[in-house]
Amino acid sequence: MSDILMPKATAVWLVDNTSLSFEQIADFCGLHPLEVRGIADGDVARDIRGVDPVTGGQLAREELDKAQADPNYRLKAIVSRHAELLKSAKPAPKYTPVSRRQDRPDAIAWFVRNHPEVTDAQIAKLLGTTKSTIESVRNRTHWNTANIKPVDPVTLGLVGQLALDEIVRKAADKKAKDDAKNGGGTILPVAEEIEPEFVPEAREVRGAEPTADSVFGTKE
């Protein structure tokens, strides 16, 4: 696949302004030769305005001259840093060998039992499975439910330990944030106990204060 920007617009310009063959243009632009022929006939890209790859910094003038002099020469594009930046950084879909695919339900069951905080989308991406399969394992409607047993996906060889730890950590962090946001799962501080202020008990007065004479009697 070509790395040049706007391949069809570039092909339109090359068809209109050079003597390159359809095969040369198709190879440079990442198109099919018949598609380039359709551009030349006006059946394809009729409303697309041509873009000069030379002034656009995607093709050297020397390369263009060399290709026009030799129909068998294939143009080499100048590596565009803009094209590199526009490339998707999304990794390719995870491929699981056929011999390992039968182990996926066991790994799904392991997640369902041990890490319910991990979402179905995370499990599907990590194991290369589908949400419907995860749902069938969780609801025990899977066609092989009787033989499914929870097994660590690392032990099964489906994922690496670092990848598993990372997804579990992310799920746990998200759950903690959601709990805090919803006001649940948090421990409220214990109110500090304050000792009541000591108040001396008032002495009950039942009569006049006793005197020495009343206690020991008078001396005659």
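This report describes two buried residues and one pair of packed helices in a predicted model.

**Two buried residues**

Glutamine 58 lies in the loop that runs between α3 (33–41) and α4 (61–69). Isoleucine 25, by contrast, belongs to helix α2, which spans residues 22–29. The table lists the relative accessible area of each residue.

| Residue | Relative accessible area | Class |
|---|---|---|
| Glutamine 58 | 6% | buried |
| Isoleucine 25 | 0% | buried |

Glutamine 58 counts as buried because its relative accessible area of 6% falls under the 20% cut-off. Setting aside residues up to four places away in sequence, glutamine 58 touches Ile4, Leu5, Thr10, Phe28, Pro53, Ala77 and Ile78.

With neighbours within four places in sequence left out, isoleucine 25 is in contact with Ala11, Leu14, Val15, Leu20 and Val36. From isoleucine 25 to arginine 37 there are 12 residues in sequence, and the C-alpha to C-alpha distance is 9.9 Å.

**Helices α8 and α9**

Two packed helices are described by the angle between their axes and the distance between the axes. Helix α8 (residues 120–127) packs against helix α9 (residues 131–138) at an angle of about 115 degrees, and their axes are 9 Å apart. The two helices are therefore roughly perpendicular. The crossing of α8 past α9 is right-handed.

Which residues in α8 and α9 meet? From α8 they are Asp120, Ala121, Ile123 and Ala124, and from α9 they are Lys131, Ile134, Glu135 and Arg138. Sorted by class, this contact has four nonpolar residues, four charged residues and no polar ones.

Technical notes:
Residues are numbered from 1 along each chain as its sequence is written. This is a predicted model: local features need pLDDT of at least 70, side-chain atom pairs count only at pLDDT 80 or more; totals for chains, interfaces and linings use all residues. Side-chain values use heavy atoms; hydrogens and water are left out. Helices (H or I, at least four residues) and strands (E, at least two) are DSSP runs, numbered from the N terminus. Buried means under 20% relative accessible area, exposed over 50%, partly exposed in between (1.4 Å probe, protein chains only). Contact means heavy atoms within 4.5 Å. Axes are lines fitted to C-alpha atoms, for helices over the stretch in contact, and angles run from 0 to 180 degrees between N-to-C directions. Angles under 35 degrees count as roughly parallel, over 145 as roughly antiparallel, 65 to 115 as roughly perpendicular and the rest as oblique. A crossing is left-handed if the near helix is turned anticlockwise from the far one by less than a right angle, and right-handed if clockwise. Ala, Val, Leu, Ile, Met, Phe, Trp, Tyr, Cys and Pro count as nonpolar, Asp, Glu, Lys and Arg as charged, and the others, Gly among them, as polar.
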